[in-house]
Amino acid sequence: MTTHGPVMPVWSCGGCDLPWPCPTRRRELRAEYAGAPVSLALYLGAYLVQASEDMPWAPAGALHRRFVGWTREAGPQG
């Protein structure tokens with residue numbers, strides 16, 4: 001169980017107060033979904049939908065990069 005869960009509706013990290021998913025949670029998610037990148041993208045896509053409802057002022061592209069876009073990057077960076 002991680003302490004780096006989302007604090008809604010502001011979508012900050014409960015563990016470090018950075019925007020969620022924070023670098024630590026991204027590393028954890030990469031490890032949890034190793035070998036299942038489509039499942040990771042679907043999981044985060046559901047959060048993207050919820051976040052877009054909570055933060056209608058946020059640009060859609062920025063939210064997409066924040067929640068889903070990083071999942072296609074190579075390597076363990078966050």
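## A pair within helix 1

Arg25 and Glu28 both belong to helix 1, where they sit three residues apart, about one turn of the helix. Keep in mind as you look around that this is a predicted model. An α-helix has 3.6 residues a turn, so residues three or four places apart point the same way.

These two residues are also partners: Arg25 forms a salt bridge with Glu28, and their closest N and O atoms are 3.0 Å apart. Are the two buried or exposed? Arg25 counts as buried because its relative accessibility is 7%, under the 20% limit. Glu28, with a relative accessible area of 25%, is partly exposed.

## A small network of charges

How many salt bridges does a search of the whole structure find? The search finds two. Besides the bridge between Arg25 and Glu28, there is one in which the side chains of Arg25 and Glu32 meet, at 2.8 Å from N to O. Through these shared partners, Arg25, Glu28 and Glu32 are joined into one network.

## The two sides of helix 1

Now let us look at helix 1 as a whole, which spans residues 23–32. Which of its residues are buried? They are Arg25, Arg26, Leu29 and Arg30. These buried residues lie on the same side of helix 1, because they cover an arc of only 140 degrees around the axis.

Turn to the other side of helix 1 and you will find Ala31 and Glu32, which are exposed. So what covers the buried residues? The cover includes helix 2, residues 37–54, and helix 3, residues 60–67.

## The nonpolar core

Helix 2 and helix 3 come up again when we turn to the largest nonpolar core, a set of 16 residues. The residues with the most contacts inside this core are Trp11, Trp20, Leu44, Tyr47, Met55, Leu63 and Phe67. Helix 2 and helix 3 each supply at least two residues of the core, and the largest share, five residues, comes from helix 2. In soluble globular proteins, nonpolar side chains tend to be buried together.

Phe67 is a good residue to pick out on your screen. Which residues does Phe67 touch, leaving aside those up to four places away in sequence? Its contacts are Trp11, Trp20, Pro21, Leu44, Tyr47, Leu48 and Ala51.

Notes. Residues are numbered from 1 along each chain as its sequence is written. This is a predicted model: local features need pLDDT of at least 70, side-chain atom pairs count only at pLDDT 80 or more; totals for chains, interfaces and linings use all residues. Side-chain values use heavy atoms; hydrogens and water are left out. Buried means under 20% relative accessible area, exposed over 50%, partly exposed in between (1.4 Å probe, protein chains only). Helices (H or I, at least four residues) and strands (E, at least two) are DSSP runs, numbered from the N terminus. The arc is that of the directions from the helix axis to the C-beta atoms. Contact means heavy atoms within 4.5 Å. A salt bridge is a side-chain nitrogen of Lys or Arg within 4 Å of a carboxyl oxygen of Asp or Glu. A nonpolar core is a set of buried Ala, Val, Leu, Ile, Met, Phe, Trp, Tyr and Cys residues joined through side-chain atoms within 4.5 Å.
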